[in-house]
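Please take me through this structure stop by stop. Tell me what to select in the viewer and what I will find there.

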Amino acid sequence: AILETYPHLPAHAHEEQTDPIMLLRVATLAAIGVASVNAAAILETYPLTADCDCNSVNVNTCAETSAAICGPSYCTDMNTAAKCDNSATTDITIATELAKVKTQTCTQATETKCTQAWLDANINVGRNGDGGVIAAYCTDRYLVLQTTMKPGWTTDMNDISQPPGGTASDNTACVTGEISSTMGKLETQVFPLEHVYELWGTELSTQNDIYFSNGAQATGQTDTGRYFSDGASVNIALPADAGVGISVAGQSIYPLYSNTRQITLESCEVDSCNEHVGQGGGQPHLHGDPFSATTGKCLYSPENYTNADGTQDLTVHPPAIGFSYDGPLIYGRHLANTAPGFSTGLDNCGGHVHDSYAYHYHPQVVQATTSSGNKGISKSANTGKTYPAFVAGPYNCWKAKITDTGASGSESATAYFWNKGQSKDTTGVCSGSVNYWVKPGYTLNGVASTTSTVSPPPSPPPSPPSPPPGTEAVVTETTATDSSASRVVAALALAAAVAVAAM
């Protein structure tokens with residue numbers, strides 16, 4: 001097991017933390033081949049000053065450098081292969097694709113995130129106005145996003161040290177970068193509502209494994225429809241080839257690990273916002289928390305933590321930043337130890353329940369250790385180094401059962417939630433819907449007239465929803481502590497396959 005740290009941002013971005021407050025957690029990271037070590041020997045703090053999360057700054061001065069990537073300090077050996085040029089690929093016509101969205105006879109759900117106020121406050125067009133979400137609405141069972149999957153900010157993918165390899169549109173070998181992005185479809189993304197999904201009473205890494213149509217990863221087999229597995233002790237029932245959720249700007253959120261069960265930061269393959277374009281092209285997807293301490297960078301930053309008066313306030317509950325495919329919301333990372341929920345630890349799935357908030361996920365900063373499979377300039381010299389990794393939401397499991405598969409309940413979860421096989425009849429707009437969000441310049445079939453507004457990047461959530469009726473979640477106690485391990489109130493170390501436990 002290794003000791004992980006969960007730091008928070010100082011009051012001033014460039015201020016040195018003299019007494020960092022952190023949440024100490026014990027975890028096993030067998031999924032990335034980390035051997036057991038003395039926890040006390042590797043206790044380190046990672047104060048989130050400026051962009052010091054990443055290699056885009058000097059960690060001592062927080063001054064910008066030429067590189068703009070996240071990852072261990074050894075990620076300096078740039079792959080010189082040609083970039084996969086997919087610029088000749090024809091993009092979709094968004095208005096044409098949006099017109100294909102069906103309507104159905106149903107009554108819109110009325111829970112908080114289905115209201116006009118919540119949608120207008122939280123769905124957004126991204127930093128540059130070009131985020132992926134084109135429309136958002138609730139049916140009687142689901143929150144539905146129609147999205148191009150664009151991130152909504154300026155990416156740094158050409159600065160990635162070892163980007164994923166791929167094949168360009170002319171069939172030549174290459175590595176991905178800025179010109180590798182394609183926009184081939186308007187995707188329908190579906191998230192069950194609170195009265196639909198059911199939480200597990202456990203937080204096991206394997207608790208949704210039976211719902212993966214193709215089972216565990218297997219040697220010589222593709223990863224489609226499979227969950228993470230090394231064939232032995234490591235089994236994490238999250239998709240090995242697909243996302244775990246979608247950001248409020250419409251970008252896909254993948255697990256912390258790549259399909260090789262290696263943290264993408266260790267592989268030196270994500271940019272300063274923890275994203276890259278995969279081997280098959282498409283839009284950039286996230287493999288980590290899209291947070292930056294720099295105003296206007298990535299999905300969200302301290303400027304998005306504001307109180308009811310609109311004043312920046314790091315002590316408020318973090319803003320909503322995404323939707324997990326099992327149903328619960330994903331909120332941002334805590335930036336102050338006095339913020340609501342800070343003192344309630346995150347479970348193995350990466351979420352918790354507190355106050356009147358239903359179960360939800362948060363990003364977290366974990367301390368990881370490089371394996372011999374790292375992609376640094378000198379692998380042997382880099383093995384065993386510690387570095388911060390940034391989980392975007394669901395960590396080692398989904399907390400809710402991924403069994404709700406449409407009105408009949410007969411489809412497999414893997415075909416429904418993240419395999420793009422949703423039935424358009426069950427995700428269509430409820431005729432006459434009055435609560436919806438649509439990007440300016442577009443129209444949505446079947447809705448009544450309303451005044452949806454352009455939302456800024458993530459803002460503080462409105463009054464939190466109540467926990468769904470008839471559901472219970474396991475919540476374990478924790479406390480904010482200083483850097484002394486003796487201040488930890490409780491810890492639960494699970495076996496290697498079970499991974500992280502909350503305190």
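## Stop 1: Ser180

Select Ser180 and Gly177. The side chain of Ser180 reaches the backbone nitrogen of Gly177, at 2.8 Å. Keep in mind that this is a predicted model.

Now look at where Ser180 sits. It lies in the loop between β7 (173-175) and β8. Is Ser180 buried or exposed? Its relative accessibility is 0%, so Ser180 counts as buried, the cut-off being under 20%.

Next, show the surroundings of Ser180. Leaving aside residues up to four places away in sequence, Ser180 touches Cys84, Asn86, Val175, Val277, Gly281 and Gly282.

## Stop 2: strand β5 and its partners

Select residues 142-147. This is strand β5, and it is mostly covered: six of its six residues are buried. Turn the strand to view each face. Tyr142, Val144 and Gln146 are on one side, Leu143, Leu145 and Thr147 are on the other, and all are buried.

Add residues 133-138, which make up strand β4. Five bridges join β4 to β5, and the two run antiparallel. Together they form a hairpin, with three residues between them. For one bridge, pick Ala135: its partner in β5 is Gln146.

Now add residues 187-192, strand β8. How many bridges join β5 to β8? There are six, and these strands also run antiparallel. Pick Val144 and you will find Val190 of β8 standing opposite.

Stay in β8 and select Thr188, which is found in this strand. Thr188 has a relative accessible area of 7%, so it is buried. Show its side chain together with that of Gln146. The two side chains make a polar contact at 3.0 Å. Gln146 is also the residue that bridges to Ala135.

## Stop 3: aromatic rings

Switch on the side chains of the aromatic residues. The count of aromatic pairs comes to nine. Begin with Phe291 and Tyr300, an edge-to-face pair with 5.3 Å centre to centre and 65° between the planes. Both partners are covered: Phe291 is buried at 4% relative accessibility, and Tyr300 is buried with a relative accessible area of 0%.

Move on to Tyr331 and Tyr357. This pair is edge-to-face, with 5.7 Å centre to centre and 80° between the planes. What does the pair tie together? Tyr331 lies in strand β16 (residues 329-331) and Tyr357 in strand β18 (residues 357-361), so the pair ties together parts that are 26 residues apart in sequence. Tyr331 and Tyr357 are both buried.

Then select Trp118, Phe191, Phe323 and Tyr325. These four form one aromatic cluster.

One more ring is worth a look. Select Trp200 and Lys401. Lys401 lies over the face of Trp200, at 5.0 Å from the ring centre.

## Stop 4: Ser229

Finish by selecting residues 227-229, strand β9, where Ser229 has its place. Is Ser229 buried or exposed? Its relative accessible area is 4%, so Ser229 is buried.

Show the contacts of Ser229. Not counting residues up to four places away in sequence, Ser229 touches Ala216, Gln217, Val234, Asn235 and Arg261.

Last, select Asn259 along with Ser229. The two are 30 residues apart in sequence. In space, they are 9.6 Å apart, C-alpha to C-alpha.

Note on methods:
Residues are numbered from 1 along each chain as its sequence is written. This is a predicted model: local features need pLDDT of at least 70, side-chain atom pairs count only at pLDDT 80 or more; totals for chains, interfaces and linings use all residues. Side-chain values use heavy atoms; hydrogens and water are left out. Helices (H or I, at least four residues) and strands (E, at least two) are DSSP runs, numbered from the N terminus. Buried means under 20% relative accessible area, exposed over 50%, partly exposed in between (1.4 Å probe, protein chains only). Contact means heavy atoms within 4.5 Å. Two strands pair if DSSP finds at least two bridges between them. Rings of Phe, Tyr and Trp (its six-membered ring) pair if their centres lie within 6.5 Å; planes under 30 degrees apart count as stacked, over 60 as edge-to-face and the rest as tilted. A charge sits over a ring if NZ of Lys or CZ of Arg is within 6 Å of the ring centre and within 35 degrees of the ring normal. A polar contact is a pair of N or O atoms within 3.5 Å; within protein, one must be able to donate a hydrogen and the other to accept it, and residues adjacent in sequence count only if both atoms are side-chain atoms.
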